[in-house]
Amino acid sequence: MTPLVELRKVSKFFGPVISLKDIDMKVYPGEVHCLLGDNGAGKSTLIKILSGVHKPSEGQVLFEGQPVVFSSPREALNQGIATVFQDLAMLPLMSITRNFFLGREPRVGPLRLYDGNLAARIAREELLKIGISIRDPDQPVGTLSGGERQSVAIARAVYFGAKVLILDEPTSALGVKEAAVVLRYVVQAKARGLGVIFITHNVHHAWAVGDTFTVLNRGRSYGTFKKEETEREKLLQMMSGGEELEVLAVELELIAKRDPAGAAQLERRIAEELQEPN
Amino acid sequence: MTPLVELRKVSKFFGPVISLKDIDMKVYPGEVHCLLGDNGAGKSTLIKILSGVHKPSEGQVLFEGQPVVFSSPREALNQGIATVFQDLAMLPLMSITRNFFLGREPRVGPLRLYDGNLAARIAREELLKIGISIRDPDQPVGTLSGGERQSVAIARAVYFGAKVLILDEPTSALGVKEAAVVLRYVVQAKARGLGVIFITHNVHHAWAVGDTFTVLNRGRSYGTFKKEETEREKLLQMMSGGEELEVLAVELELIAKRDPAGAAQLERRIAEELQEPN
Amino acid sequence: QQLRIVVVTHGQASDPFWSVVKNGVEQGGKDVNVQVEYRAPDTFNMVRMAQLIDAAVASRPDGLVVSIPDASALGKSIEAAVKAGIPVISINSGADVAAKLGVLLHVGQEEYVAGQGAGKRMKAAGVKNALCVNQEVGNVGLDQRCKGFADGLGGKVTVLPVKLSDPTGIKNAVSAALQKDPSIDGILTLGPTAAEPTLQALEASGKLGKIQFGTFDLSPAVLKALSEKKMDFAIDQQQWLQGYLPIVFLANYKRYGLLPANEIIYTGPGFVTPQNAAQVIELSKKGIR
Amino acid sequence: MVAHKDERLHPLSPWKRLLLRPELGSIAGLIVVFLFFAIMAGNTGFLTWLSVRNYLEVAAQLGILAAAVALLMIGGEFDLSVGSMIGIAGTLIAVLIHPDYGHLPLGVAILIALLFAMGVGFFNGWLVLRTGLPSFIVTLAMMFILAGANIGFTKMVTNLTIVSGLGDVVAKSSLAHLFAGSLLGLPASVWWWLGVTIVLSLVLLRTPFGNWVFGAGGDANAARNVGVPVFRVKITLFMLTAIAATVVAAIQTLSIGSANVLNGQGKELEAVAASVIGGCLLTGGYGSVIGASIGSLILGMVQQGIVYTNIDTDWYKVLVGGMILGAVILNNYLRKRSMEVRR
Amino acid sequence: MVAHKDERLHPLSPWKRLLLRPELGSIAGLIVVFLFFAIMAGNTGFLTWLSVRNYLEVAAQLGILAAAVALLMIGGEFDLSVGSMIGIAGTLIAVLIHPDYGHLPLGVAILIALLFAMGVGFFNGWLVLRTGLPSFIVTLAMMFILAGANIGFTKMVTNLTIVSGLGDVVAKSSLAHLFAGSLLGLPASVWWWLGVTIVLSLVLLRTPFGNWVFGAGGDANAARNVGVPVFRVKITLFMLTAIAATVVAAIQTLSIGSANVLNGQGKELEAVAASVIGGCLLTGGYGSVIGASIGSLILGMVQQGIVYTNIDTDWYKVLVGGMILGAVILNNYLRKRSMEVRR
Ligand SMILES: Nc1ncnc2c1ncn2[C@@H]1O[C@H](COP(=O)(O)OP(=O)(O)OP(=O)(O)O)[C@@H](O)[C@H]1O
Ligand SMILES: Nc1ncnc2c1ncn2[C@@H]1O[C@H](COP(=O)(O)OP(=O)(O)OP(=O)(O)O)[C@@H](O)[C@H]1O
Ligand SMILES: [Mg+2]
Ligand SMILES: [Mg+2]
């Protein structure tokens with residue numbers, strides 16, 4: 001099976017900054033590919049290359065087996081690659097509906113005018129599906145809460161993503177309930193045969209939906225692992241680079257504090273909480 | 001013991017929008033007070049009142065037992081209330097160091113000039129403590145990754161927070177390792193006798209460090225619970241309205257994926273579960 | 001019922017030349033007891049001026065005074081005023097077209113002719129290569145002054161465009177021009193705005209007295225320079241009369257039907273020279289000359 | 001439209017809802033300005049039909065420009081060269097149809113001027129987008145270039161800085177009526193103004209392109225990321241602005257019968273002022289075409305209304321400034337009072 | 001400073017590091033402009049000391065203004081009234097010290113003018129911050145008001161629009177030398193320029209206040225949230241700009257010996273242009289005072305240099321525009337090439 005998208009030895013430099021170096025990656029249809037890694041590892045940079053925002057400095061991007069160079073996000077979108085960016089790409093002064101359809105407006109009539117009513121209806125429906133009941137589809141996005149805003153971005157990408165859905169930390173600002181809905185979306189998209197690239201720092205979320213895991217570290221790839229081949233604990237360890245050790249260190253530090261007894265106890269609890277599988 | 005900060009029947013309206021209604025809340029020294037709730041519940045609005053950004057439409061804020069009206073965030077800061085805002089309050093074009101010290105610059109010499117060297121050193125150290133090794137303290141914040149940016153904001157608040165530390169979803173964009181460091185900070189601040197208000201959607205994080213939990217729902221308070229009086233599962237249920245069910249649903253769905261016929265059916269079940277009153 | 005006369009010209013209220021015209025208008029209003037209103041666009045702008053005339057006509061005044069720097073632009077509006085039965089007198093520019101447009105009479109004189117006078121005067125002083133300092137390129141009145149000057153001089157005339165709002169820029173542009181072409185032996189400035197900085201440039205470069213230096217229009221500083229022989233002449237159109245006379249004429253025309261028989265009443269050009277400068281100084285300070 | 005109830009919402013009166021529209025706030029400013037002059041100058045003819053026509057004509061020329069400039073501003077860009085564009089397009093048309101110089105039919109002359117304007121607009125936009133330089137500085141330079149080229153060209157052809165004597169040509173051409181004629185007692189420019197405002201307002205509010213304009217102005221990067229062809233949108237807007245300038249130039253030149261190189265100077269700031277009075281944000285992403293038109297009407301009324309009062313011209317500008325300030329403050333106050341919810 | 005290695009960094013040459021400074025890119029523009037005139041007009045005196053002094057003086061007056069305007073722009077605001085401020089402060093000083101009108105000592109006159117300017121600056125800032133209106137429109141209105149008040153006031157007092165005949169007063173006052181004298185062969189204004197640039201540059205880069213300016217301009221909301229007294233910062237900047245305008249007015253009035261009501265008109269845009277050429281962002285939060293000074297020097301050199309060339313003066317403005325465009329494009333290109341890392 002040819003992968004839906006493939007990266008071959010892709011690197012990206014920003015002036016003196018080496019953001020990505022020699023990344024290989026394949027995403028197949030019907031696969032949820034989790035992209036993991038520390039802050040600043042290069043995950044967002046990688047998906048920006050896939051969605052046409054950046055051009056790779058070195059290496060090649062293949063889409064459905066063909067080498068492509070997206071000169072704009074519009075081209076990637078036209079190929080069916082929809083992205084939720086980490087900074088959401090929302091216009092704060094624009095209404096929810098217009099934001100939802102920005103760049104892909106529904107048209108009506110012989111003059112191919114913007115179909116505001118249809119747009120408002122669809123936007124409301126799609127947002128209801130994700131669990132957000134908006135007060136007024138004409139409300140400017142700037143007045144939404146962080147999570148509401150993220151939900152709008154996700155609903156939009158899901159609605160327009162035809163072949164590949166890229167989600168850059170979609171659940172970071174979401175409530176528990178809303179996050180669950182997003183995870184469900186990921187699974188639905190996968191069931192529809194889309195390739196999904198899912199970036200998260202939450203190992204529970206990653207483990208719940210991921211089929212494949214690629215771990216980045218400081219711009220380089222640690223490698224790609226199938227779910228079958230790995231374990232949750234191993235993944236956690238890769239994500240955190242030996243978290244246990246740190247928690248231990250924290251504990252030691254706290255013992256040296258004023259209220260050693262209480263602190264140590266608390267600390268131990270932290271350690272347990274963080275490791276405890278659900 | 002007088003609470004460090006106290007809200008009495010606080011409400012906040014934005015034009016027609018009722019963002020908060022009749023909130024009571026007390027935060028004591030040496031306490032980590034978790035503020036929980038769905039997206040759009042009003043958590044950020046509440047802490048913006050505490051940090052001097054908004055003035056309450058109704059009700060009263062007390063600081064160390066005295067009624068206060070902060071007319072600017074600067075006043076709140078001067079009282080020792082430091083906040084990490086959800087949107088971080090960072091200047092993208094400004095360097096890391098200058099952002100770190102913006103509003104509270106270290107001064108040197110008879111002319112009370114800005115002490116750039118000291119500032120750079122402290123910023124670098126504080127960021128190293130949180131686990132971020134910056135390439136260059138003169139780098140504009142706009143070129144940092146989301147997580148790096150968040151770390152800078154947290155380091156800043158921790159450095160300047162003297163009595164109350166308010167963290168609005170500080171861990172949302174952080175990697176596992178960095179998130180653990182932030183939790184450690186929270187515990188440290190508590191140990192130093194600070195009152196900490198901690199907003200999160202991650203029940204693991206909340207449970208790990210929280211002493212008291214206030215749950216908001218659509219602008220109103222569900223009430224405040226002590227850790228001793230509640231259980232993790234109950235809290236989770238309040239936060240999410242039944243996360244377990246969902247995780248289960250996701251799991252089921254995953255299985256069903258290989259059996260497309262049953263997918264639709266499962267969908268329906270999930271929908272039911274999500275609507276089910278808890 | 002007090003008479004009301006509106007004056008619309010192409011010279012903004014801030015222009016030294018036109019501010020004297022306006023003073024004349026106001027004095028005329030006081031002397032013959034009529035209400036006067038002076039209107040002008042912010043810059044030389046025929047579109048704006050036509051609109052102002054239209055508005056003036058709509059306000060049904062008892063008399064209208066206009067300048068006509070561009071007959072084809074303003075003709076329609078002036079004809080409309082005449083058609084509406086408003087007596088119109090033109091001032092300053094437009095002597096050649098006034099009668100054709102139905103204007104009662106013209107007070108003033110062509111800019112071109114005045115420029116020519118300056119040119120001839122410099123020619124007589126032996127000037128061969130002159131500079132014409134224009135502080136508002138595109139203002140047709142100023143263009144015509146330069147053109148007349150060139151024709152009258154018959155020698156080489158270079159136009160130096162400067163910004164009227166930047167005296168230092170004017171001063172330095174003149175001194176640069178003098179430095180670039182040392183053979184320049186005459187300078188004509190088109191108003192006191194440019195004359196005063198030019199004087200400074202001449203002083204600074206030590207060419208004072210070696211270069212024939214004349215200007216259009218008067219100001220206290222120009223007159224002082226004249227009386228100190230730092231300048232050679234200033235062209236005086238007695239523009240105060242261009243403001244004063246039409247008001248008096250219109251008032252008398254309206255009240256008694258009286259009007260001079262001349263079609264054109266010339267107010268200039270008069271030349272103020274070091275010889276007669278002293279007596280003008282006090283009047284200039286009062287904004288009459 | 002939305003019959004949706006939510007306990008988190010106070011009820012909002014329809015009157016307040018109306019004030020929420022960016023343009024409607026400015027109507028209050030308009031009313032105040034009108035009342036001011038009606039009281040100050042009602043007896044000297046300000047309230048006559050002639051006067052109405054007079055200030056409508058002034059407002060119309062500004063309004064045609066401001067409608068396009070507002071769109072450009074909503075799209076996040078500035079064009080300071082638009083005033084000089086009026087000047088050069090005007091003399092170009094005048095020279096081309098002049099019996100002494102161009103001898104061309106009016107239609108051809110206007111076409112040439114339009115093509116020239118579109119070229120300049122394209123170049124402006126291309127330069128701004130290619131270099132990433134702020135449009136302020138690029139179009140400021142272009143303002144100088146066009147103004148200078150205008151003087152140079154006009155002097156070269158005519159030896160003067162004015163091209164006059166078009167009366168006969170205009171009278172003979174039926175096309176000229178389209179720009180200089182009148183209909184139902186109102187000059188053609190007023191109809192142009194109405195048409196341009198309606199069309200551009202519809203474009204802004206009812207077409208995908210309008211949505212893109214908001215997007216490109218609000219955050220060009222975000223808009224590009226969701227697939228808006230920002231480059232194309234902005235270039236189109238620059239060209240549109242240049243076209244509007246040419247239309248104004250044609251109206252001015254043909255109705256006056258002459259063209260001066262200084263024509264249009266300063267109009268660029270007036271158009272921006274009209275847009276801002278009408279509720280456009282200077283930073284882009286927000287505003288309305290109708291608002292800009294109302295802003296133009298306010299400015300036109302102030303400019304012409306003063307002629308009817310007997311205020312000394314020396315203080316004229318104080319009044320203009322004061323009225324502008326008063327209008328925007330009122331507008332802003334009303335809008336804020338009723339829209340704390342927005343932004 | 002930073003002896004810190006990171007494998008995620010390419011090495012960056014010191015030369016490129018230099019180009020990263022916002023002001024240094026504009027030096028390239030300066031060099032190109034200089035070379036252009038040196039080649040075109042080297043033999044007609046452009047390279048003489050006289051000419052250097054000549055363009056330095058023109059640049060200095062703009063530069064004093066531009067330094068303050070740049071600071072204001074970095075702080076996220078505009079001041080279009082600064083040109084009219086020069087005009088009114090100039091006539092105010094002239095009237096106050098004039099032997100026929102004010103009879104006041106020069107020091108007192110300048111003090112009064114300064115207080116007046118600070119009052120206007122304060123009012124500008126206060127209005128902008130209180131109403132939340134864009135400074136563009138508020139100061140545009142103020143530009144009209146000041147220009148009008150200037151004409152009205154001057155005509156009321158003197159019956160003229162030009163206040164001349166200060167020569168004797170200036171010659172007698174030793175304080176006048178501070179503004180109109182010269183030192184080491186250079187006019188006082190050049191020294192003022194140097195001083196203002198250095199002081200304001202230090203304020204921007206080396207004081208907490210400077211940091212607040214960047215903050216207030218970059219994102220006033222975020223800055224306020226972290227405790228920057230945005231209100232105070234911006235008001236101070238508006239007042240500083242008005243003070244700079246008054247200094248320029250004093251220099252002009254005292255060195256020319258007369259004041260015209262039109263003085264300063266258009267300087268507001270020139271100052272903004274100089275700042276932008278020198279790397280300031282129109283949206284605020286980024287820029288440099290030194291850059292603005294270099295921008296002023298470029299503009300001054302272009303303005304004066306053209307007189308030395310043999311280019312037909314009709315086309316003068318084309319060249320001005322072209323040179324501005326060339327300078328910013330070059331500057332921008334160089335900066336971009338070496339600073340892809342910065343946005
Ligand atoms: N335009 C840019 N200019 C310079 N450096 C950049 C730019 N964009 C990203 N970087 C750098 O590249 C590195 C990778 O950034 P990226 O945003 O891809 O990280 P990330 O893995 O998404 O991190 P996070 O989990 O925090 O979002 C960071 O160190 C960042 O500073
Ligand atoms: N300035 C404002 N104008 C109008 N409505 C506002 C404003 N600020 C907040 N709101 C509304 O108030 C409600 C509460 O917002 P808030 O940001 O406090 O939520 P939150 O609990 O922090 O949510 P999240 O977890 O998503 O960050 C939201 O519905 C939001 O739309
Ligand atoms: Mg990222
Ligand atoms: Mg929030």
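A polar contact, as the term is used here, is a pair of N or O atoms within 3.5 Å. With that in hand, let us walk through this predicted model, starting at ligand 1.

**The site around ligand 1**

Ligand 1 is surrounded by 23 residues, and the closest are S19(A), K43(A), S44(A), T45(A) and T143(B). The site is shared between chains, because the residues around ligand 1 come from chains A, B and E. Three side chains of chain A have a polar atom within reach of a ligand oxygen, as the table shows.

| Residue | Partner | Distance |
|---|---|---|
| S19(A), polar side-chain atom | oxygen atom of ligand 1 | 2.7 Å |
| T45(A), polar side-chain atom | oxygen atom of ligand 1 | 2.5 Å |
| H201(A), side-chain N or O atom | oxygen atom of ligand 1 | 3.0 Å |

How much of ligand 1 does the protein bury? Taken alone, ligand 1 exposes 630 Å², and 90% of that is buried by the protein. Two or more residues of the shell come from each of these elements: β2 (17-27) and α1 (43-50) of chain A, and α5 (146-160) of chain B. Sorted by class, the shell holds 13 polar residues, five nonpolar ones and five charged ones.

**A sheet in chain C**

Next, have a look at chain C. Here six strands make an open sheet in the order β7-β6-β8-β9-β10-β12, with mixed pairing. At its edges are β7 (156-161) and β12 (270-272), each of which pairs on one side only. On average, neighbouring strands are turned by 20° against each other, direction ignored.

Edge strand β12(C) pairs with β10(C) (residues 233-236) in the antiparallel sense, over three bridges. Within this pair, I235(C) has F271(C) in β12(C) as its bridge partner.

Helices pack on this sheet too. Helix α5(C), residues 140-153, touches β6 (129-134), β7, β8 (186-189) and β9 (212-216) of chain C, and its direction makes about 170° with that of β6(C). Helix α7(C), residues 192-204, touches β6, β8 and β9 of chain C, and its direction makes about 160° with that of β9(C).

**A hairpin in chain B**

Finally, turn to chain B, where strands β1 (residues 5-14) and β2 (residues 17-27) pair in the antiparallel sense over seven bridges. Across this pairing, L7(B) stands opposite M25(B) in β2(B). What do β1(B) and β2(B) form? They form a hairpin with two residues between the strands, and G15(B) in the turn has a positive phi of about 55°.

Key. Residues numbered from 1 in each chain as written. Chains lettered and ligands numbered in written order. Predicted model: local features only at pLDDT ≥ 70, side-chain atom pairs only at ≥ 80, totals over all residues. Heavy atoms only, no water. Near = heavy atom within 4 Å. Polar contact = N/O pair within 3.5 Å; in protein donor to acceptor, adjacent residues only side chain to side chain. Areas by Shrake-Rupley, 256 points an atom, 1.4 Å probe, with all protein chains shown as cover. Helix = DSSP H or I, 4+ residues; strand = E, 2+ residues; numbered from the N terminus. Nonpolar A, V, L, I, M, F, W, Y, C, P; charged D, E, K, R; others polar. Pairing = 2+ DSSP bridges. Axes fitted to C-alpha atoms, helices over the stretch in contact; angles between N-to-C directions. Contact = heavy atoms within 4.5 Å.
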